[in-house]
Amino acid sequence: MPASYAYLGPEGTFTEVALRTLPETATRELVPMVSVPAALDAVRSGEAEAAFVPIENSVEGGITTTLDELVAGEPLMIYREVLLDITFALLVRPGTQLSDIKTVTAHPAAQPQVRNWMKTHLAGDVTWESAASNADGARLVQEGRFDAAFAGVFAAERYGLTPLVTDIHDAENAQTRFVLVGKPARPAAPTGADKTSVVIWQSDDHPGGLMELLQEFAIRGVNLVLLQSRPTGTGIGDYCFAIDAEGHISDRRVAEALMGLKRRCPQVRYLGSYPRAGVAVADVRTPRAGTSDGEFMAASDWLARCQDGRF
């Protein structure tokens, strides 16, 4: 029996389309799940080798369900990311017109990406209700529970629907970022165009506390590409912070930044180092003076010589 990848289903989601861009899916069983937590729990329980889920979009930022699931529970690790361009189609049962639409549905992350289009093209009394995924919204339309769903145009044939309007998006060049998540293991070898993800908790809340932690990256020339706060659930104002940084844990500047965080924070959860989607090695910024691996190694060698009296 082939190893399986769980993903946010049902069939016909943007998640499935993005997942099928990975070459190894040709030798994996792809198993749709009803939710992001269900997909990740399949990995934790050993039912699936890995899970493929959305984690960020360019309109609303982080997908909070995915972030919260990675923050809590048995640790998991990110091994790959995929970027997918997103445009929506308005899917309806055959014969439905725009004037007939009174109820619409889609995944909650879709609403900010089509809100303005809805105001312009649909009646003001149209009711929106969220679905577990965009494809699940299409399924609900097929069953007659809603008049229309925002989903990928590719879901129309799968659910016997008609794409009444296509190429719907409030923001040009909208993208969603997906990640392949598995149980913790040794990270893949660095490619030269990598990303490292962690979650950090502050030891206490004081003026400049977060800035002090972020300086662990700044003084070593490590650029951050995502910083998002998430409530810990222990009380108002108590937050942890999800961080994506340029570089790989094997890079000296990244490794030293993580060690600095570990010294300062009561808890640091390492979420993985993996290739950055859409970034070629040639496009990676040159480390500023004093922050390259060679300079870190030279400084370490100098310190060793001083300790041995060989300076």
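Helices here are DSSP runs of H or I, at least four residues long, numbered from the N terminus. The model shown in every view is predicted.

**View 1. Helix α1 and a nonpolar surface patch.** Val17 sits in helix α1, which covers residues 14–19. Val17 joins Val153 and Phe154 in a nonpolar patch on the surface. Together the three residues offer about 220 Å² of accessible area. Val17 itself is partly exposed, at a relative accessible area of 32%. That value qualifies Val17 for the patch, because patch residues need over 30% relative accessible area.

**View 2. Domain layout of the protein chain.** The chain is divided into domain 1 (1–86 + 174–185), domain 2 (88–168) and domain 3 (186–310). Domain 1 is thus given as two segments. The C-alpha centres of domain 2 and domain 3 lie 42 Å apart.

**View 3. The span annotated as prephenate dehydratase.** In an unreviewed entry, UniProt lists "domain: Prephenate dehydratase" at residues 4–183. Helix makes up 26% of residues 4–183, and strand 34%. The end C-alpha atoms of this span are 14 Å apart.

**View 4. The span annotated as ACT.** The UniProt record, also unreviewed, places "domain: ACT" at residues 198–275. This span is 29% helix and 37% strand. Its end C-alpha atoms lie 15 Å apart.

**View 5. Cysteines without a disulfide.** A disulfide is a covalent bond between the sulfur atoms of two cysteines. How many disulfides does the structure hold? The count is zero. Why is Cys240 unpaired? The closest cysteine sulfur, in Cys265, is 11 Å from the sulfur of Cys240, so the two are too far apart for a bond. The cut-off for a disulfide is 2.5 Å between the sulfur atoms. Cys240 is buried, with a relative accessible area of 1%. Cys306 is partly exposed, at 25% relative accessibility.

**View 6. A salt bridge between distant parts of the chain.** Side chains of opposite charge can pair when their charged atoms come close. A search of the whole structure finds 22 salt bridges. One of them joins Arg230 and Asp68, with the closest N and O atoms 2.8 Å apart. Arg230 lies in strand β13 (residues 224–231), and Asp68 in helix α3 (residues 64–71). The partners are 162 residues apart along the chain. Is Arg230 buried or exposed? Arg230 is buried, with a relative accessible area of 15%. Asp68 is partly exposed, at 29%.

**View 7. The Glu143–Arg139 pair.** The side chains of Glu143 and Arg139 form a salt bridge, at 2.7 Å from N to O. Both partners are partly exposed. Glu143 has a relative accessible area of 45%. For Arg139 the value is 27%.

**View 8. The Arg310–Asp308 pair.** Arg310 and Asp308 meet through their side chains in a salt bridge, at 3.4 Å from N to O. The pair counts as a salt bridge because the limit is 4 Å. Asp308 is exposed, with 53% relative accessibility.

**View 9. A network of salt bridges.** Which residues are linked in a network? Glu56, Glu81, Arg177, Lys195 and Asp244 are connected by salt bridges.

Definitions and conventions. Residues numbered from 1 in each chain as written. Predicted model: local features only at pLDDT ≥ 70, side-chain atom pairs only at ≥ 80, totals over all residues. Heavy atoms only, no water. Patch = residues over 30% accessible without salt bridge, like charges linked within 9 Å, V, L, I, M, F, W, Y side chains within 5 Å. Areas by Shrake-Rupley, 256 points an atom, 1.4 Å probe, with all protein chains shown as cover. Helix = DSSP H or I, 4+ residues; strand = E, 2+ residues; numbered from the N terminus. Buried < 20%, exposed > 50% of the residue type's maximum accessible area, 1.4 Å probe, protein only. Domains from an automatic or database assignment. UniProt positions renumbered as here; feature names shortened; annotations may be inferred.
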